[in-house]
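Visitor: I should like a close look at a single part of this protein, with enough of its surroundings to place it. Please take me through the side chains one by one and explain how each is classified.

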Amino acid sequence: MRVETINFIRKNAASLDLSEPILVIRKGAPAYVIESYEHYQERENALALLKLLTLSEGEQAGDQTVQTRRKYQDIIA
């Protein structure tokens, strides 16, 4: 993860390379993380799968599988 100051971001916002996330620091402390939309979507999908895994743990086969699918659809919607 690249680290940049908020002043650098302000000056170069139009030409930022978002191939990797950027940690933005303000007054020496982390303030923001800037990432590409693709990275954001990948992270959101991974979180949705982890939520689904958590929901499905301990469930038995049968009707609960249909309920899990509905929960998954609700999570990703």
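Guide: The account below begins with the whole chain, turns to helix H2 and its contacts, and ends with the other elements.

The model is a predicted one, and its secondary structure consists of three helices and three strands. Read from the N terminus, these elements follow the order β-α-β-β-α-α. The mean pLDDT of the protein is 84, and 75% of the residues score at least 70. Confidence is highest in strand E2 (residues 22-26), at 96, and lowest in helix H3 (residues 63-76), where the mean is 64. Where pLDDT is low, the predicted coordinates should not be read in detail. Of the 77 residues in the protein, 13% are buried.

The part chosen for the close look is helix H2, which spans residues 37-56. One aromatic pair is counted in the model. Its members are tyrosine 37 and tyrosine 40, whose ring centres are 6.2 Å apart and whose planes make an angle of 35 degrees. The pair is classed as tilted, because an angle under 30 degrees would count as stacked and one over 60 as edge-to-face. Tyrosine 37 and tyrosine 40 are about one helical turn apart, because three residues separate their positions in helix H2. The two tyrosines fall into separate accessibility classes, as their values show. Tyrosine 37 has a relative accessible area of 54%, so it counts as exposed, the limit for that class being over 50%. Tyrosine 40 has a value of 36% and is therefore partly exposed.

The charged side chains come next. Three salt bridges are counted in the model, and two of them involve arginine 43. One of these joins arginine 43 to glutamate 35, with an N to O distance of 2.4 Å. The other joins arginine 43 to glutamate 44, at 3.7 Å from N to O. Through these shared partners, Glu35, Arg43 and Glu44 belong to one network of salt bridges. Each member of the network is partly exposed: glutamate 35 has a relative accessibility of 23%, arginine 43 has a relative accessible area of 39%, and glutamate 44 has one of 30%.

Further along the helix, the subject changes from charge to nonpolar surface. Leu47, Leu50 and Leu53 make up a nonpolar surface patch, and together they have about 270 Å² of accessible area. Leucine 50, which is placed in helix H2, has a relative accessible area of 49% and is therefore partly exposed. That value lies under the cut-off for an exposed residue, which is over 50%. Membership of a patch requires over 30% relative accessible area, so leucine 50, at 49%, meets that condition.

One distance involves alanine 48 and a residue of helix H3. Aspartate 74 lies in helix H3, and its C-alpha is 9.7 Å from that of alanine 48, although the two residues are 26 apart in sequence. Aspartate 74 counts as exposed because its relative accessible area is 60%. A caution applies to this distance, for helix H3 has a mean pLDDT of 64, the lowest in the protein.

The remaining salt bridge is at the start of the chain. Arginine 2 forms a salt bridge with glutamate 4, and the closest N and O atoms of the two are 3.3 Å apart. Their side chains are also joined by a polar contact of 3.3 Å. Glutamate 4 is found in strand E1 (residues 2-5). At 18% relative accessibility, glutamate 4 is buried, because the limit for that class is under 20%. Arginine 2, with a relative accessible area of 23%, is instead partly exposed.

A last detail concerns the backbone. Lysine 27 has a phi angle near 55 degrees, a positive value in a residue other than glycine. Lysine 27 is in the loop that runs between E2 and strand E3 (29-34). With a relative accessibility of 85%, lysine 27 counts as exposed.

To return to helix H2, the close look has covered the tilted pair of tyrosine 37 and tyrosine 40, the network of Glu35, Arg43 and Glu44, and the nonpolar patch of Leu47, Leu50 and Leu53.

Conventions:
Residues numbered from 1 in each chain as written. Predicted model: local features only at pLDDT ≥ 70, side-chain atom pairs only at ≥ 80, totals over all residues. Heavy atoms only, no water. pLDDT = per-residue confidence, 0-100. Helix = DSSP H or I, 4+ residues; strand = E, 2+ residues; numbered from the N terminus. Patch = residues over 30% accessible without salt bridge, like charges linked within 9 Å, V, L, I, M, F, W, Y side chains within 5 Å. Areas by Shrake-Rupley, 256 points an atom, 1.4 Å probe, with all protein chains shown as cover. Salt bridge = Lys/Arg side-chain N within 4 Å of Asp/Glu carboxyl O. Buried < 20%, exposed > 50% of the residue type's maximum accessible area, 1.4 Å probe, protein only. Phe/Tyr/Trp six-rings, centres within 6.5 Å; stacked < 30°, edge-to-face > 60°. Polar contact = N/O pair within 3.5 Å; in protein donor to acceptor, adjacent residues only side chain to side chain.
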